[in-house]
Amino acid sequence: MKILLLSCCAPCSCAVIEKMAQEGTDFSVLFYNPNIVPAAEYEKRKEENRRLCRQWQVPFIELEYDNFRWCSLIKGLENEPERGHRCDICFYMRLKRAMEYAKTGGFDAVASVLGVSRYKNLEQVNRAAAKASAETGVAYVAVEGRKGGMQERRQALIKQLGLYSQDYCGCKPRLV
């Protein structure tokens with residue numbers, strides 16, 4: 001099975017990418033994150049993802065940066081809290097686009113690390129993935145990025161590789 005792994009950032013992806021590469025999984029990493037602002041932050045995260053993929057010799061794919069479309073889809077939800085309805089729309093948009101790309105790009109399924117962060121609701125990601133999968137006919141493969149030592153491995157890799165770690169998901173800084 002050839003998998004397209006949707007990556008939001010290198011810190012969330014690193015342990016999953018390492019594990020999939022070590023297991024010999026046939027996969028590529030997809031960077032499709034039109035929610036990330038400003039553009040300089042988008043570029044920084046993209047390049048860190050690319051660097052991570054080189055580490056394990058994993059193909060890296062970048063899709064268009066369509067922040068205008070993302071903004072139009074979440075219009076009126078700008079002040080929603082993290083894990084709110086804005087996230088439903090954002091996850092669905094990104095997963096559906098990933099599945100559309102997978103369908104035409106020779107991939108059998110899509111996986112993602114969108115729910116790896118403790119700030120995200122994994123069930124919310126999985127619901128968006130199920131909806132996008134039903135509409136596109138592309139399978140969604142859930143990958144474990146939190147349990148079984150994956151969080152600890154992720155933290156170790158972030159430190160070991162000196163990965164840039166942002167302090168917000170992309171669409172808007174979290175208020176601390």
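**Helix α4 and the parallel sheet**

In this predicted model, the buried residues of helix α4 are R86, C87, C90, F91, Y92, M93, R94, L95, A98, M99 and A102. Their cover includes three elements that precede α4 in the chain, β1 (2-6), β2 (26-31) and α3 (67-73). It also includes β4 (109-112), α5 (122-136) and β5 (139-140). The helix spans residues 85-105, 21 residues in total. From first C-alpha to last, α4 reaches 30 Å. That is close to the 30 Å expected at 1.5 Å a residue. Just after α4, G106 adopts a positive phi of about 85°.

The strands form an open sheet of five, in the order β3-β2-β1-β4-β5. Pairing is parallel. The edges are held by β3 (60-62) and β5. Each has a single partner strand, so one side of each lacks a neighbour in the sheet. Helix α4 packs on this sheet and touches β1, β2, β3, β4 and β5. The direction of α4 makes about 150° with that of β1.

Strand β1 pairs with both β2 and β4. With β2 the pairing is parallel and runs over five bridges. Here L4 has S28 of β2 as its bridge partner. With β4 the strands are again parallel, joined by four bridges. L5 stands opposite A111 of β4, and L6 has S112 of β4 as its bridge partner. Four of the five residues of β1 are buried, so the strand is largely enclosed by the rest of the structure. The connection from β1 through α1 to β2 is a right-handed β-α-β unit.

Strand β4 is covered on both faces. A109 and A111 are buried on one side. V110 and S112 are buried on the other. In a regular strand, side chains alternate between the two faces of the sheet. Besides its pairing with β1, β4 pairs with β5 in the parallel sense, over two bridges. V110 stands opposite Y140 of β5. A second right-handed β-α-β unit is made by β4, α5 and β5.

Away from the strand pairing, helices α1 (residues 10-22) and α6 (residues 150-161) pack against each other at an angle of about 110°. Their axes lie 8 Å apart. The two helices are therefore roughly perpendicular, since angles of 65 to 115 degrees fall in that class. On the α1 side, the contact is made by P11, C12, C14, A15, V16, E18 and K19. On the α6 side, M150, R153, R154, L157 and I158 take part. Helix α1 thus has two roles in this description: it belongs to the β1-α1-β2 unit, and it packs on α6.

The segment after α6 contains D167. This residue is exposed, with a relative accessible area of 58%; the threshold for that class is over 50%. Along the chain, D167 and E144 are 23 residues apart. Their C-alpha atoms are separated by 22 Å. The exposure of D167 contrasts with the burial of A109, V110, A111 and S112 in β4.

Definitions and conventions
Residues are numbered from 1 along each chain as its sequence is written. This is a predicted model: local features need pLDDT of at least 70, side-chain atom pairs count only at pLDDT 80 or more; totals for chains, interfaces and linings use all residues. Side-chain values use heavy atoms; hydrogens and water are left out. The expected span of a helix is 1.5 Å times one less than its number of residues. Buried means under 20% relative accessible area, exposed over 50%, partly exposed in between (1.4 Å probe, protein chains only). Contact means heavy atoms within 4.5 Å. Two strands pair if DSSP finds at least two bridges between them. A crossover is right-handed if, with the strands pointing away from the viewer, the path from the first strand over the helix to the second runs clockwise. Axes are lines fitted to C-alpha atoms, for helices over the stretch in contact, and angles run from 0 to 180 degrees between N-to-C directions. Angles under 35 degrees count as roughly parallel, over 145 as roughly antiparallel, 65 to 115 as roughly perpendicular and the rest as oblique.
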